[in-house]
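Me: Could you take me through one part of this model slowly, at the level of single residues? I would like to begin with a pair of strands and see what is packed around them.

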Amino acid sequence: VAGVSADASADASVGADADERVQSEAEAEATDGPEQEYMYESELTESTDSPAVQKPSELVGVCTRDSSEVVQTATRAEVRSQNLPHRCTYCLIVDGSEKKVLVQKRVAWKETYPSHYDPCPGGVMGPEETYEGNAVRELAEEMGIVVGSALSPRSVEPLFEFWFEDDRVRNWGLLLKVVFEGGIKDLTLQESEVESVRWMDRRELGMLLEEGPISPDAAVAIRRWLHEDPEALIPKKTRSQGFGKPWQPTFTAPEPGGQSTK
């Protein structure tokens with residue numbers, strides 16, 4: 001009887017220990033599950049809404065809202081955190097017939113306007129860089145377009161300077177045109193910057209401007225270009241037939257010392 005009693009007590013003890021382990025595991029699962037999910041959501045939000053600054057130590061030429069002249073130097077991280085005025089290039093890449101524009105899609109981790117389409121890609125300028133020099137460098141780095149090569153024999157053509165400002169970016173930009181006579185297969189995309197590219201004609205550019213998502217600074221530049229040259233990208237044989245109303249600019253760059261209008 002004593003043996004049976006001891007066995008029963010041992011069984012009860014084992015059962016109690018098992019129940020305690022099950023309860024502990026359940027409590028741990030109940031605690032860890034939501035916390036892990038919450039942490040994942042936080043990391044996901046941070047990675048998509050607030051991407052890390054690319055090349056944070058890179059030196060950038062800082063200017064003022066009144067002039068594109070460089071007045072000081074700051075790191076790229078400082079420029080982004082304080083939204084300092086700076087200079088950027090915007091490259092309008094047209095095909096050999098000048099009927100289509102090469103549009104890139106920015107990667108999802110870009111520090112500004114991630115996953116947006118960009119019809120005039122370019123880059124932030126260093127303190128000593130010229131617009132033309134920066135454009136040539138950025139075209140080679142991001143797209144594999146070498147200005148002066150057989151596929152891009154003409155020099156970059158400066159079109160106009162403009163001011164852009166929002167809660168993320170304040171910069172003077174210069175739109176430059178470059179003719180690329182190759183195809184998509186001739187490009188070498190920079191994976192850290194560019195997700196994909198495609199050619200777009202005027203109609204498709206119009207749809208992109210209306211529907212987006214398009215980088216807002218590039219939208220300012222492309223609207224102004226289409227407005228100033230209403231027949232841009234229209235085959236000569238159809239120009240006399242009309243092609244609808246030209247796109248109206250939504251932002252006018254200020255004269256030095258003047259006020260901008262939106």
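Which residue of β8 stands opposite P158?

Reply: Happily! The partner you want is L176: in β8, this leucine stands opposite P158.

Before we look around, a word on what you are viewing. This is a predicted model, in which local features need pLDDT of at least 70 and side-chain atom pairs count only at pLDDT 80 or more, while totals for chains, interfaces and linings use all residues. Residues are numbered from 1 along each chain as its sequence is written, and side-chain values use heavy atoms, without hydrogens or water.

Now to the strands. Helices (H or I, at least four residues) and strands (E, at least two) are DSSP runs, numbered from the N terminus. The protein chain has 6 helices and 9 strands. Two strands pair if DSSP finds at least two bridges between them. β7 and β8 meet that test with 8 bridges and run antiparallel to one another. Together β7 and β8 make a hairpin, with 4 residues between the two strands.

β8 has a second neighbour. It is joined to β3 by 9 bridges, and here the two strands run parallel. If you want one position to find on screen, take R87, whose bridge partner in β8 is W172.

How enclosed is β8? Buried means under 20% relative accessible area, exposed over 50%, and partly exposed in between (1.4 Å probe, protein chains only). In β8, which spans residues 170-179, 9 of the 10 residues are buried, so the strand is largely enclosed by the rest of the structure. For the protein chain of 262 residues, the share that counts as buried is 38%.

The two neighbours of β8 also share a group of rings. A pair of aromatic rings is described by the distance of the centres and the angle of the planes. Rings of Phe, Tyr and Trp (its six-membered ring) pair if their centres lie within 6.5 Å, with planes under 30 degrees apart counted as stacked, over 60 as edge-to-face and the rest as tilted. That rule gives 3 aromatic pairs. In one of them, Y90 and F162 have ring centres 5.0 Å apart and planes at 55 degrees, so this pair is tilted. Y90 lies in strand β3 (residues 86-94) and F162 in strand β7 (residues 157-165), so the pair links parts of the chain that are 72 residues apart. Y90 and F162 are both buried. F160 belongs to the group as well: ring pairs link Y90, F160 and F162 into a cluster.

Two arginines have their charged ends over aromatic rings. A charge sits over a ring if NZ of Lys or CZ of Arg is within 6 Å of the ring centre and within 35 degrees of the ring normal. For F160, a member of the cluster, the charge comes from R224, whose charged end is 4.2 Å from the ring centre. R87, which we met as the bridge partner of W172, places its charged end over the ring of Y131, 5.8 Å from the centre.

The loops on either side of β3 each hold a backbone feature worth a look. N83 lies in the loop between α2 (76-82) and β3. Its phi is near 50 degrees, a positive value in a residue other than glycine, and N83 is buried at 13% relative accessible area. E98 is in the loop between β3 and β4. There phi is near 55 degrees, again positive in a residue other than glycine, while E98 is partly exposed at 27% relative accessible area.

For a last stop, look at α4 (residues 202-211), where the buried residues include L205, L208 and L209. Contact means heavy atoms within 4.5 Å. The buried residues of α4 pack against β4 (101-106), β5 (117-118), β9 (194-200) and α5 (216-228). Just after α4, G212 has a positive phi of about 65 degrees, and the peptide bond from G212 to P213 is cis, with omega near -5 degrees. P213 sits in the loop between α4 and α5. Among the residues that P213 meets is H116, which also touches I214 and S215. H116 itself is in the loop between β4 and β5 and counts as partly exposed at 21% relative accessibility.

Definitions and conventions
Lists of a residue's contacts leave out its neighbours within four places in sequence.
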